[in-house]
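Hi,

Here is the structure I promised to pass on to you. Have a look at it first, and then read my notes below.

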Amino acid sequence: MSASDPVRNARPVTIVGTGSYLPERVLTNHDLEKMVETSDEWIRTRTGISERHIARDDEASSDMATEAARRAMRNAGVTPEEADLIVVATITPDMFFPNTACFVQDRLGARNAYCMDLSAACSGFLYGMDAARALIAEGSVRTALVIGAEKLSCITDWRDRATCVLFGDGAGAVVMRRADAGRGIMASHMGSDGALAELLNLPGGGSRNPASPATLDRRLHYMKMTGNEVFKHAVRYMCDAGQKALQRCGMTIDDVDWVIPHQANMRIISAIASRLGDCMDKFIVNLDRVGNLSAASVPVCLDEAARGGKLKKGDIVLFVAFGGGFTWGATVMEW
Ligand code: UT7
């Protein structure tokens, strides 16, 4: 174990409350059949997705983030004034600036918090938890709100059948604090590889290709993905990160009660389960009802599992995620 292993050095930090929010409107595979050349059968067998939630036109990421955060704070018994830090992981911020976390702060009345957004695509929530854990352990933050929130419907090309069937909208949140008892977050392993950025990105609207009639014409303001390439990397990096995080706390997959993976594709999840050790029964999946929620994927699934009574005190939970960048990460915690 290296000197920097959080399990040995840090004061334990844990999740004291969870919350999530999904927009009311549901878009089914049958609805998509009327929009692009696809079929319910193709979508279900190739991805595992049956339906996804889509935000209202007037509903932004910060609106969903605020509702998820309210629910997490209620669950934790924490008031907005107690939050010292708000992190919003998102690739669909309300605006370039101010950051989405500032909008959430204002809506919550969390006036004592400092606020930042974190852009790491589908790994954003785990990156955010890792940063919050370090700040809490170090002592400068007592209560952190970490939120994953996405309105992916607004960066989805509804003419591209290869991507538009995959994504949904929603938000999930956790409140993090020092643990009173137990081991809380035990270890993490995070990584990135910018060399493969072209396989999954949104090229238009930033400083590389500023918004112009030409970028609109070329549909550069929508997500682009080489799905089958991303698929292979997703399996490899999520397995590797999961194994490394477990090694850091001297555990194996046999010690794990539950795995909460980024929900991108049922075939990716099954491949990870079989590579980690034929352990599909430990995987918690909500992909069929929500689709791929990018940074909101892990916290929404976590909240559903926690509120549904699946996670019991003392359970060992492994989180794994992978996304554009590429970025990836894994975290082990005792619930
Ligand atoms: O969130 C983090 C990052 N994202 C991911 O991890 C997603 C990773 N990738 C995937 O999940 C899968 O690659 C997809 C679900 C996106 C695609 O599945 P695939 O098995 O890799 O299919 P493919 O892209 O190789 O395409 C196979 C065929 C193609 O037709 P041809 O060329 O074989 O005739 C596609 O045009 O399926 C066709 N196709 C569709 N057919 C019906 C692609 N999308 C659709 C569709 N409906 N929606």
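Which residues are buried in α4? Before I answer, please keep in mind that this is a predicted model. The buried ones in α4 are Ser61, Ser62, Met64, Ala65, Thr66, Ala68, Ala69, Ala72 and Met73. Among the parts that cover them are β1 (13-21), α5 (100-108), β6 (144-151) and β7 (169-178).

You can also check the length of this helix yourself. Helix α4 covers residues 61-76, and its 16 residues should span 22 Å at 1.5 Å a residue. The C-alpha atoms at its ends are 22 Å apart, so the model agrees with that expectation. After α4 comes Gly77, which has a positive phi, near 70 degrees.

Helix α6 can be read in the same way. With 15 residues (124-138) at 1.5 Å a residue, α6 should span 21 Å, and its end C-alpha atoms are indeed 21 Å apart. Its buried residues are Gly124, Phe125, Leu126, Tyr127, Gly128, Met129, Ala132, Arg133, Ile136 and Ala137. Just after α6 you will find Gly139, with a positive phi of about 110 degrees.

Now for the charges. Side chains of opposite charge can pair when their charged atoms come close. How many salt bridges does a search of the whole structure find? It finds 15, and here are a few to look up.

- Arg44 and Asp40 form a salt bridge, with their closest N and O atoms 2.9 Å apart. These two are four residues apart in helix α3 (residues 40-47), so about one helical turn separates them. Arg44 counts as partly exposed because its relative accessibility is 39%, while Asp40 is buried, at 11%.
- Glu59 pairs with Arg56, and here the closest N and O atoms are 3.5 Å apart. Glu59 counts as buried, with 4% relative accessibility, whereas Arg56 is partly exposed at 49%. There is also a network of salt bridges that links Arg56, Asp58 and Glu59.
- Glu81 and Arg111 meet through their side chains in a salt bridge of 3.7 Å, N to O. Glu81 sits in the loop between α4 and β4 (85-89), and Arg111 in the loop between α5 and β5 (114-118), so this pair ties together parts that are 30 residues apart in sequence. Glu81 is partly exposed, at 33% relative accessibility, and Arg111 is exposed, with a relative accessible area of 61%.

Next, a charged residue to think about: Arg52, which lies in strand β3 (residues 51-54). Which side chain of opposite charge is nearest to Arg52, and how far away is it? It is Asp31, 6.9 Å away, and Arg52 has no salt bridge although it is buried. So what does the side chain of Arg52 have a polar contact with? One partner is the side chain of Asn29, at 3.0 Å. Besides that, a polar atom of the Arg52 side chain lies 2.7 Å from the backbone oxygen of Val165.

Then have a look at the cysteines. A search of the whole structure finds zero disulfides. For Cys239, which is in no disulfide, the nearest cysteine sulfur belongs to Cys279 and is 8.9 Å away. Cys239 counts as buried, at 4% relative accessibility. Cys249 is in no disulfide either, and its nearest cysteine sulfur, again that of Cys279, is 15 Å away. Cys249 is buried too, with a relative accessible area of 12%.

One last residue for your tour is Val285, in the loop between α10 (266-277) and α11 (287-290). Is Val285 buried, partly exposed or exposed? With a relative accessible area of 29%, Val285 is partly exposed. Leaving aside residues up to four places away in sequence, Val285 touches Gln263, Met266, Ile269, Met280 and Cys301. If you want to practise the distance tool, try Val285 and Ala173: they are 112 residues apart in sequence, and their C-alpha atoms are 18 Å apart in space.

Happy exploring!

Key: Residues numbered from 1 in each chain as written. Predicted model: local features only at pLDDT ≥ 70, side-chain atom pairs only at ≥ 80, totals over all residues. Heavy atoms only, no water. Buried < 20%, exposed > 50% of the residue type's maximum accessible area, 1.4 Å probe, protein only. Lys, Arg positive; Asp, Glu negative; His and termini not counted. Salt bridge = Lys/Arg side-chain N within 4 Å of Asp/Glu carboxyl O. Polar contact = N/O pair within 3.5 Å; in protein donor to acceptor, adjacent residues only side chain to side chain. Expected span 1.5 Å × (residues − 1). Contact = heavy atoms within 4.5 Å. Disulfide = S-S within 2.5 Å.
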